[in-house]
Amino acid sequence: MDGMMTKDFHKIEMTSRSELRVTGVSEVHSFNDEGVLLETSLGLLTVMGENIRITKLTLDQGEVMVSGEISALSYSEGGGFGRKSSGFLTRLFR
């Protein structure tokens, strides 16, 4: 991989459920103190928890770092984000 991260390479590193590093991110769709919705090379990734903050954002390198009390990570397929959503994601990102 020649030491360079690209948006096509996706990796998640979590430390003590309080710090998260995600590579392969092409876009941050939304965020608040309860979660972040990221578009990755493998689909949409929802990071949920409390006191969630984006501490580093370098989309040109495809990297996002999140801190807070992380309680869940969930993938869903991309492409559906623009459609009218319901349920948990609607409540989370109001």
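Lys-11 and Glu-13 form a salt bridge, with their closest N and O atoms 3.4 Å apart. This is a predicted model. A search of the whole structure finds four salt bridges. Two surface patches also stand out: one is nonpolar, and one carries negative charge.

**Salt bridges**

- Side chains of opposite charge can pair when their charged atoms come close.
- Lys-11 is partly exposed, at 34% relative accessibility.
- Its partner Glu-13 is also partly exposed, at 34% relative accessibility.
- Glu-13 forms a salt bridge with Arg-21 as well, and here the closest N and O atoms are 3.0 Å apart.
- Arg-21 in turn meets Glu-63 in a salt bridge, at 2.6 Å from N to O.
- Arg-21 belongs to strand β2 (residues 19-23) and Glu-63 to strand β6 (residues 63-76), so this pair ties together parts that are 42 residues apart in sequence.
- Is Glu-63 buried or exposed? Glu-63 is buried, because its relative accessible area is 8% and buried means under 20%.
- The pairs join up: Lys-11, Glu-13, Arg-21, Lys-56 and Glu-63 are linked in a network of salt bridges.

**The nonpolar patch**

- Which residues form the nonpolar patch on the surface? They are Ile-12, Met-14, Leu-42, Leu-73 and Tyr-75.
- Together these residues have about 440 Å² of accessible area.
- Strands β1 (11-15) and β6 are the elements that give two or more residues to this patch.
- Leu-42 sits in the loop between β4 (35-40) and β5 (43-58).
- Leu-42 has a relative accessible area of 58%. Exposed means over 50%, so Leu-42 counts as exposed.

**The negative patch**

- Asp-33, Glu-34, Glu-50 and Glu-69 gather on the surface in a patch of negative charge.
- Where does Asp-33 lie? Asp-33 is in the loop between β3 (25-32) and β4.
- Asp-33 has a relative accessible area of 47%, so it counts as partly exposed.

**To recap**

- Arg-21 has a salt bridge to Glu-13 and another to Glu-63.
- Glu-63 is buried, whereas Lys-11 is partly exposed.
- Leu-42 is part of the nonpolar patch, and Asp-33 is part of the negative one.
- Each of these two residues lies in a loop: Leu-42 between β4 and β5, and Asp-33 between β3 and β4.

Notes: Residues are numbered from 1 along each chain as its sequence is written. This is a predicted model: local features need pLDDT of at least 70, side-chain atom pairs count only at pLDDT 80 or more; totals for chains, interfaces and linings use all residues. Side-chain values use heavy atoms; hydrogens and water are left out. A salt bridge is a side-chain nitrogen of Lys or Arg within 4 Å of a carboxyl oxygen of Asp or Glu. Buried means under 20% relative accessible area, exposed over 50%, partly exposed in between (1.4 Å probe, protein chains only). Helices (H or I, at least four residues) and strands (E, at least two) are DSSP runs, numbered from the N terminus. Patches are made of residues with over 30% relative accessible area and no salt bridge: like charges are joined within 9 Å, nonpolar side chains (Val, Leu, Ile, Met, Phe, Trp, Tyr) within 5 Å. Accessible areas come from the Shrake-Rupley method with a 1.4 Å probe; for residues, only the protein chains shown count as cover. Lys and Arg count as positive and Asp and Glu as negative; His and the chain ends are not counted. The place of a charge is taken as NZ of Lys, CZ of Arg, CG of Asp or CD of Glu.
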